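Subject: Structure handover

Hello,

Here is the structure you were going to look at. Please open it alongside this message, as the notes below refer to it throughout.

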Amino acid sequence: VFLSLDFEVIRSLPVSDTEIALQWTLEGTVVSGKTVHLPGMTILRFNEDGKIRSAEEFWSLPDFLSQL
């Protein structure tokens, strides 16, 4: 559980007409008071109406867990 959470998109890169890649960071404070910093990437795919059809997340679970 996060007491506070900050999510920032650092960069967005078009991959195709229907895909975009997002590089992001997440910082938050958990119940124990520790601060967690997690960089990651998301690939968003859109349908013909421009709505998100799917999302793939890439981040390191071991890095996240080591900060708890």
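What follows is a short account of how the strands pair, taken in order along the chain. Please keep in mind that this is a predicted model.

Strands 1 and 2

Strand 1 covers residues 2-16 and runs antiparallel to strand 2, with twelve bridges joining them. The two form a hairpin, and two residues lie between them. To find the pairing by eye, start at Phe 2, whose bridge partner in strand 2 is Val 30.

Strands 2 and 3

Strand 2 (residues 19-30) is also joined to strand 3 (residues 35-46), here by eleven bridges, and this pair is antiparallel. Two positions help to fix the register: Leu 22 has Thr 42 of strand 3 as its bridge partner, and Thr 25 stands opposite Pro 39 in strand 3. Strands 2 and 3 form a hairpin with four residues between them, and Gly 33 in that turn has a positive phi of about 95°.

Strands 3 and 4

Strand 4 spans residues 52-58 and is antiparallel to strand 3, to which six bridges join it. Phe 46 is found opposite Ile 52 of strand 4. This pair forms a hairpin as well, with five residues between the strands; in the turn, Gly 50 has a positive phi of about 85°.

When you look at side chains, remember that in a regular strand they alternate between the two faces of the sheet.

Best regards

Key. Residues are numbered from 1 along each chain as its sequence is written. This is a predicted model: local features need pLDDT of at least 70, side-chain atom pairs count only at pLDDT 80 or more; totals for chains, interfaces and linings use all residues. Side-chain values use heavy atoms; hydrogens and water are left out. Two strands pair if DSSP finds at least two bridges between them.
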